[in-house]
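Here are some short exercises on a ligand site, each with a worked solution. Have a look at the model first, then follow the steps.

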Amino acid sequence: MVRLNKYLADCGVGSRRECDRLIADGAVKINGRVAQLGDAVDEGAHVTVHDKRIGDKQKNYYILLHKPKGYVTTVKDDLGRKTVMDLVHVNARLYPVGRLDYDTEGLLILTNDGDLANRLTHPRNEINKTYVARISGQLTDAERIRLEKGVLIDGIKTAPARIKILSRDVHHTRCEITIHEGRNRQVKKMFETVGKEVEFLKRVAVGELRLGGLKRGEYRFLTEIEVEYLKNL
Ligand code: URA
């Protein structure tokens with residue numbers, strides 16, 4: 001929460017005093033309601049001055065979204081499918097950090113901080129991404145070890161991975177897999193090399209940042225401590 005006159009000033013509307021005048025004149029609305037002097041604004045609120053939306057373009061936003069399946073991880077989709085941007089209502093040019101497949105759910109970071117986005121996605125930084133996967137059939141220990149050591153996908157060996165079996169029955173294995181590369185459909189392709197199909201895939205963590213109790217489609221702003229943590233990964 002920030003005081004409205006400070007918010008407006010930070011957005012370049014004018015000095016705080018000028019902003020107070022605009023508020024007193026009834027020219028400012030927050031989420032469609034005429035604002036009063038002394039009002040506060042939530043991050044991501046819809047603020048207008050003379051019915052023109054304004055936003056703090058300088059400010060960096062860091063959002064953790066629980067992406068549901070059925071959404072593409074792009075800003076726009078040529079096929080007209082729903083995108084993750086449809087789920088986040090923040091007046092800034094955000095973009096997703098990395099990619100989750102259309103049918104993958106889980107932790108997705110969105111930001112307008114290009115430096116952090118590059119940092120988190122650059123292979124050199126080897127940032128761990130952890131997924132829970134349900135796969136067809138029983139994953140044997142020999143297969144698990146093969147996958148952990150590295151398998152060829154698209155002619156290139158994958159970097160070492162960690163796999164923890166969570167449960168196994170005749171038809172399925174549930175496991176947690178941690179990789180630090182971000183190749184296209186990597187987890188699915190890795191399991192394909194041992195003849196297994198990924199039936200369900202959810203990213204539960206990036207580094208130590210976990211999805212936690214967010215419901216599908218919900219998002220929250222990262223705390224300063226979390227942002228600092230990501231910047232130092
Ligand atoms: N690996 C995949 O196969 N799909 C994802 O969405 C993420 C990692």
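On a 1 Å grid over the protein atoms alone, a pocket is an open set of points with protein on both sides within 12 Å along at least five of seven lines. A molecule sits in a pocket if more than half of its atoms lie within 2 Å of its grid points. This is a predicted model, where local features need pLDDT of at least 70, side-chain atom pairs count only at pLDDT 80 or more, and totals for chains, interfaces and linings use all residues. Residues are numbered from 1 along each chain as its sequence is written, and side-chain values use heavy atoms, with hydrogens and water left out.

**Exercise 1.** Locate the ligand and describe its shell.

Step 1: The ligand takes up the space of the largest pocket.
Step 2: Around it (a heavy atom within 4 Å) are Leu100, Asp101, Thr104, Tyr131, Arg185, Gln186, Val187, Lys188 and Leu201.
Step 3: Sorted by type, the shell has 4 nonpolar, 2 polar and 3 charged residues.

**Exercise 2.** Find the polar partners of the ligand.

Step 1: Look for N or O pairs within 3.5 Å.
Step 2: A side-chain N or O atom of Thr104 lies 2.9 Å from a ligand oxygen.
Step 3: The backbone takes part too: a polar atom of Val187 is 3.1 Å from a ligand nitrogen, and an N or O atom of Gln186 is 3.5 Å from a ligand oxygen.

**Exercise 3.** Place the ligand relative to the domains.

Step 1: An automatic or database assignment gives domain 1 (2–53), domain 2 (62–123 + 213–231) and domain 3 (128–206).
Step 2: The ligand lies between domain 2 and domain 3, because both give residues to its shell.

How values were computed
Polar contact = N/O pair within 3.5 Å; in protein donor to acceptor, adjacent residues only side chain to side chain. 1 Å grid on protein atoms, 1.4 Å probe; cavity = no way out; pocket = protein on both sides within 12 Å on 5 of 7 lines; lining within 4 Å. Nonpolar A, V, L, I, M, F, W, Y, C, P; charged D, E, K, R; others polar.
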